[in-house]
Amino acid sequence: MTDYGKLLKMAIEKLPDSYVPYSHFHCSAALLCSDGTIFQGVNIENAAYTPTICAERCAIFKAVSEGYRDFKAIAVVGCDEKVLESNEFKNHKVLPEGYGKSGPCGVCRQVMQEFCDPETFDIILGRAEDDITVYKLKELFPHAFGPADLA
């Protein structure tokens, strides 16, 4: 799959599976492996907050636990519960203006740095298949600490 719009759509469609009883902010990710395999993840909150996991790490950890290590891109989307209840989302599976463009948190960027090539790994943000922005990991996480720093 090279169509990032379709990857973003997969992330959007997964949003309702988030478990967010505290923040009420749903986040979903679709991770594209170099061989075309896709892993999806959602944010899963916990009352103690620290054990909460973001959608991006959920998808990456699922992939790594299945033996995958070569990643091409990840689509990330987020919205509040009101959006999921809107007709625009229910009928068209798109996010309204102002949603879908929030990037991964710092912890998720650090995990991406561990498993992805910052020069080639794409991070896709958007609100619909035809409304996406693509960043390289190195753009969103310059001067990152990674495995090479331990050599």
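**Core first.** I pulled up the largest nonpolar core of this predicted model. It has 22 residues, and Leu-31, Phe-71, Ile-74, Met-112, Phe-121 and Ile-123 are the ones touching the most other members. Next I looked up which elements feed this core with two or more residues: strands E1 (25-33), E3 (71-80) and E4 (122-128), plus helices H2 (55-65), H5 (106-115) and H6 (137-140). H2 is the top contributor, with 5 residues. Note to self: nonpolar side chains in soluble globular proteins tend to be buried together.

**Phe-71 up close.** I listed the contacts of Phe-71, skipping neighbours within four places in sequence. Leu-31, Leu-32, Cys-33 and Ser-34 are on the list, along with Ile-60, Ala-63 and Val-64, and then Phe-115, Cys-116 and Phe-121.

**Another core.** There is a second, separate core of 17 residues. Among its members I found Tyr-4, Leu-8, Leu-32 and Val-77.

**Aromatic pairs.** How many aromatic pairs does the structure hold? I get 2. In one of them, Tyr-22 and Tyr-49 have ring centres 6.1 Å apart and planes at 70°; edge-to-face starts over 60, so that is what this pair is. Tyr-22 sits in the loop between helix H1 (4-14) and E1, while Tyr-49 is in the loop between strand E2 (38-42) and H2, so the pair ties together parts 27 residues apart in sequence. Buried or exposed? I checked both rings' residues: Tyr-22 comes out partly exposed at 37% relative accessibility, and Tyr-49 is exposed at 57%, the cut-off for exposed being over 50%.

Then I went to Phe-39 and Tyr-68, which also pair edge-to-face, at 5.1 Å centre to centre with 70° between the planes. Phe-39 is in strand E2 and Tyr-68 in the loop between H2 and E3, so I logged this as a link between distant parts of the chain, 29 residues apart. Phe-39 has 12% relative accessibility, so it counts as buried, the limit being under 20%. Tyr-68, at 26%, counts as partly exposed.

**Asp-131.** Last stop was Asp-131, in strand E5 (residues 131-136). Its relative accessible area is 22%, so I have it down as partly exposed. Which residues does Asp-131 touch, not counting those up to four places away in sequence? I found Leu-8, Lys-101, Leu-125 and Gly-126. Leu-8 I had already met in the second core. With Lys-101, the side chain of Asp-131 makes a polar contact of 3.3 Å. The two residues are 30 apart along the chain, and their C-alpha atoms are separated by 9.8 Å.

Key. Residues numbered from 1 in each chain as written. Predicted model: local features only at pLDDT ≥ 70, side-chain atom pairs only at ≥ 80, totals over all residues. Heavy atoms only, no water. Helix = DSSP H or I, 4+ residues; strand = E, 2+ residues; numbered from the N terminus. Buried < 20%, exposed > 50% of the residue type's maximum accessible area, 1.4 Å probe, protein only. Contact = heavy atoms within 4.5 Å. Polar contact = N/O pair within 3.5 Å; in protein donor to acceptor, adjacent residues only side chain to side chain. Core = buried A, V, L, I, M, F, W, Y, C linked by side-chain atoms within 4.5 Å. Phe/Tyr/Trp six-rings, centres within 6.5 Å; stacked < 30°, edge-to-face > 60°.
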